[in-house]
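Trainee: I have this model open and I'd like a close look at one part of it. Could you walk me through one loop and then the helices around it?

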Amino acid sequence: MVTSLWLLSIYKSERQNMVQTSRHRRSTRGSKMVSWSVMAKIQEILQKKMVREFLAEFMSTYVMMVFGLGSVAHMVLNKKYGSYLGVNLGFGFGVTMGVHVAGHISGAHMNAAVTFANCALGRVPWRKFPVYVLGQFLGSFLAAATIYTLFYTAILHFSGGQLMVTGPVATAGIFATYLPDHMTLWRGFLNEAWLTGMLQLCLFAITDQENNAALPGTQALVIGILVVIIGVSLGMNTGYAINPSRDLPPRVFTFIAGWGKEVFRWHHLPGLHWLHHPTGTPEIGGLCGVRRPRDNRIAQDGISRTHDLSPHPRLREPCQQIFSPPCPALT
C-alpha cells in the first residue's frame, strides 16, 4: 500500500513536470514565432528601395561627417595634432569612404544641394528629395553628437568649461562654419554659391560616361580628391561648407548641446552656409546682415562686452521699411 502511494506521488510529480515543460516549450515556441515575424517584417521593410536609399544616405553622410568634424576638432583643440590641410584631407577622404558605403545604393549624395541639382535635372525623382535630405540631415546630426561625445573633455579643457561661439576659445566652429570679419554677407553668399557650382560641375564630369569619366572603381577616390582641391585652393573665405547637410544639422546640435541661440544670431547669419548653395534660396539677411568689424567684440577674459548688431547706416532705413515689426538686427 505504501509502495503504491509512493509510486502514485512520483507519477503525479513527473506529470506536473511534463506539463510545465510543455507549457514552457509552447511559450518559447510562441516567442520565437513572434520574434521571427518581427524580423520578417523588418526584412520586408528593408527590401524596399526607398528605405534602403534613405539608410544609404544616412550612413554615408554619417561616415563623411565623423571623419570631417573629427579633423576640425583636432585643428581647433590641439594644433599639434591638427591643421587646415588635415581638415581638407579628413573631409575629402571622408567623402571617399561615404561613396564606398552608399555609392551603388543611393548614389551617395551626402549633400542636399547635390540632391537638388540631380532632381532639377531629372536624374532623381522629386519624390526622393525629402527622403534623401532627411537621411543626410539625421546622419550629419548624429555625427555631430558622436564627435561631441568623443571630444567632450577636450572641448571643456580647451575652453575652460565654457561653450563659446566667438572669441579665442570658441569651439562652435568645430561643428559649423562661420564667416571671418573680412567677409560680408553677399561675398559669402557668392563664394559659397560659386564653390557649390564648381563642385557640382566636377561631379557631373567625373560621373559622365559619355565624356571623359573617371575609370570604374576610381570615382570615390577622385571625388574625395576633388573635395580636397576645393578646400586647399578656395576654402579660406567661408570654410567651403558647400553643403546644407554639412552645416545646418551640426549647427542645430550645437544649439541643443549648450552653445545656445548665439549660433543663430543675426550677425552670424552670413555663416549659415546651408543658405549658400545655388538652389535659388533667397538670403533673408540681404539688407540687414552686413557685419562690421566692431560687431561682437570679445574681451580678453572671453566675455562678450558689446554686441553692435545694427546694420550699416545706409541700410537702416530700407530695413525698417521692409520689416514690421522692425528688423531683428535693429533690436
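Mentor: Let's start with Ala 108, which sits in the loop between α3 and α4. Keep in mind that this is a predicted model. The backbone at Ala 108 has a positive phi of about 50°, although the residue is not a glycine. Most residues other than glycine have a negative phi, so this one deserves a second glance. As for its surroundings, Ala 108 has 6% relative accessibility and therefore counts as buried, the cut-off being under 20%.

Now step back along the chain into α3, which covers residues 84-102. Helix α3 packs on α8 with the axes 8 Å apart and an angle of about 155° between them. That angle makes α3 roughly antiparallel to α8, and the crossing is right-handed. On the α3 side, the contact is made by Tyr 84, Leu 85, Asn 88, Leu 89, Phe 91, Gly 92, Phe 93, Val 95, Thr 96, Val 99 and His 100. Facing them from α8 are Ala 220, Leu 221, Ile 223, Gly 224, Val 227, Val 228, Gly 231 and Val 232. Sorted by class, the contact of α3 with α8 has 13 nonpolar residues, six polar ones and no charged ones.

Go the other way from the loop and you reach α4, residues 112-120. Its partner here is α5, residues 129-150, with the two axes 10 Å apart at an angle of about 170°. So α4 and α5 are roughly antiparallel to each other. Ala 112, Thr 115, Phe 116 and Cys 119 of α4 meet Phe 129, Tyr 132, Val 133, Gln 136 and Phe 137 of α5. That contact divides into seven nonpolar residues, two polar and no charged.

Back to α8, residues 219-234, since it also packs with α7, residues 185-207. The axes of α7 and α8 come within 11 Å and cross at roughly 155°, so these two helices are roughly antiparallel as well. Helix α7 passes α8 in a right-handed crossing. From α7 come Asn 191, Trp 194, Leu 195, Leu 199, Cys 202, Leu 203 and Ile 206, and from α8 Val 222, Ile 223, Leu 226, Ile 230 and Leu 234. The tally for the contact of α7 with α8 is eleven nonpolar, one polar and no charged. Ile 223 is worth clicking on: it is listed in the contact with α3 and also in the one with α7.

Follow the chain past α8 and there is another positive phi, at Tyr 240, in the loop between α8 and α9. Phi of Tyr 240 is near 40°, and again the residue is not a glycine. With 7% relative accessibility, Tyr 240 counts as buried.

For contrast, try Leu 46 in helix α1, residues 2-46. Its relative accessibility is 37%, so Leu 46 counts as partly exposed. Leaving out residues up to four places away in sequence, Leu 46 touches Val 51, Arg 52 and Leu 55.

Last, the whole thing. The protein has ten helices and two strands, and the two strands come between α9 and the final helix. Buried residues make up 44% of the 331 residues. Among contacts between residues at least 6 apart in sequence, 68% join residues at least 24 apart.

Note on methods: Residues numbered from 1 in each chain as written. Predicted model: local features only at pLDDT ≥ 70, side-chain atom pairs only at ≥ 80, totals over all residues. Heavy atoms only, no water. Axes fitted to C-alpha atoms, helices over the stretch in contact; angles between N-to-C directions. Helix = DSSP H or I, 4+ residues; strand = E, 2+ residues; numbered from the N terminus. Parallel < 35°, antiparallel > 145°, perpendicular 65-115°, else oblique. Left-handed = near helix turned anticlockwise from the far one by under 90°. Contact = heavy atoms within 4.5 Å. Nonpolar A, V, L, I, M, F, W, Y, C, P; charged D, E, K, R; others polar. Buried < 20%, exposed > 50% of the residue type's maximum accessible area, 1.4 Å probe, protein only.
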